[in-house]
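Thank you all for coming; before I begin, please bring up the sequence and the model, so that you can follow along as I go from place to place.

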Amino acid sequence: MSHFEYVMVIVSIILGLGLTVILRGLARLARGALPCAVVVIWGFLLLFLFLQNWWAFWDLAQVTQWTQPSFLFVALYCCIMYAMAELMLPIGATPETDWTAHFLSIRKWFFSLLSLLTVLAVLLTYTKLHVPLTHPYRSIQGFVLLLSIAGLSTTNMRVHLGIAVTIMSVLIVGQVLFRLVPGLA
């Protein structure tokens, strides 16, 4: 077993558990009496992020030198994603959960973790994959970071709806451009 395969075992476990949280959470939202559009969008956005990151981790196959700090860095990245999923769509939610109140109660933690995840994504791709800080995708990451900071500072649910829709749109467009269009990656 190569070092990359060994690292991907823990990545797969953590992301698989996170996907379970997301799928169960989305099912709870569907059965609930008062689903919140912001939470629904973030649920689907987290699903997209988990699947996209799992695919993107394949790029780490080109890393030739793995160390324990490198392993811990990647594991931390995945653990933050899991924490975001559990915060947004907690296992303990019931059909009576007031999802708007829940979202407002976790938003500071959630957006803090999203900000940290964005910074770690830049560091991970810069240190392990040697993607320059001037790469065009950095503008997308910077925009997500700015919107995350905005999410920390407001309780206005219309603004949060706009943030969620905008981040989802920007990330999907970014993935289409930089994963599917030859020459941009």
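Let me begin with a definition: rings of Phe, Tyr and Trp, the last by its six-membered ring, are taken as a pair if their centres lie within 6.5 Å, and a pair is called edge-to-face when the planes are over 60 degrees apart. Please keep in mind that this is a predicted model, and that by this rule the count of aromatic pairs comes to seven.

One of these pairs is formed by Trp-42 and Phe-110, which meet edge-to-face, with 4.9 Å from centre to centre and 75° between the planes. Trp-42 belongs to helix 2 and Phe-110 to helix 4, residues 99-128, so this pair ties together parts that are 68 residues apart in sequence. Are these two residues buried or exposed? Both Trp-42 and Phe-110 are buried. If you look around them, you will find that ring pairs link Trp-42, Phe-103, Phe-110 and Phe-111 into a cluster.

A further pair is that of Tyr-137 and Phe-178, whose ring centres are 5.4 Å apart and whose planes stand at 85°, so this pair, too, is edge-to-face. Here Tyr-137 lies in helix 5, residues 137-152, and Phe-178 in helix 6, residues 157-180, so parts that are 41 residues apart in sequence are tied together. Tyr-137 counts as buried, at 16% relative accessibility, and Phe-178 counts as buried at 13%.

Let me now return to helix 2, which spans residues 37-56, and set it beside helix 3, residues 68-88: their axes come within 10 Å and cross at roughly 160°. Because angles over 145 degrees count as roughly antiparallel, that makes helix 2 roughly antiparallel to helix 3. The crossing of helix 2 and helix 3 is left-handed. The contact involves, on the side of helix 2, Val-39, Trp-42, Leu-46, Leu-49, Phe-50 and Asn-53, and on the side of helix 3, Tyr-77, Met-81, Tyr-82, Met-84, Ala-85 and Met-88. Of the residues in this contact, eleven are nonpolar, one is polar and none is charged.

Finally, I would like to turn to a loop residue, Thr-97, which is placed between helix 3 and helix 4. Thr-97 is buried, with a relative accessible area of 16%. Which residues does Thr-97 contact, leaving aside its neighbours within four places in sequence? They are Leu-34 and His-102. Thr-97 and Thr-118, by comparison, are 21 residues apart in sequence and 29 Å apart in space, taken from C-alpha to C-alpha.

Notes:
Residues numbered from 1 in each chain as written. Predicted model: local features only at pLDDT ≥ 70, side-chain atom pairs only at ≥ 80, totals over all residues. Heavy atoms only, no water. Axes fitted to C-alpha atoms, helices over the stretch in contact; angles between N-to-C directions. Helix = DSSP H or I, 4+ residues; strand = E, 2+ residues; numbered from the N terminus. Parallel < 35°, antiparallel > 145°, perpendicular 65-115°, else oblique. Left-handed = near helix turned anticlockwise from the far one by under 90°. Contact = heavy atoms within 4.5 Å. Nonpolar A, V, L, I, M, F, W, Y, C, P; charged D, E, K, R; others polar. Phe/Tyr/Trp six-rings, centres within 6.5 Å; stacked < 30°, edge-to-face > 60°. Buried < 20%, exposed > 50% of the residue type's maximum accessible area, 1.4 Å probe, protein only.
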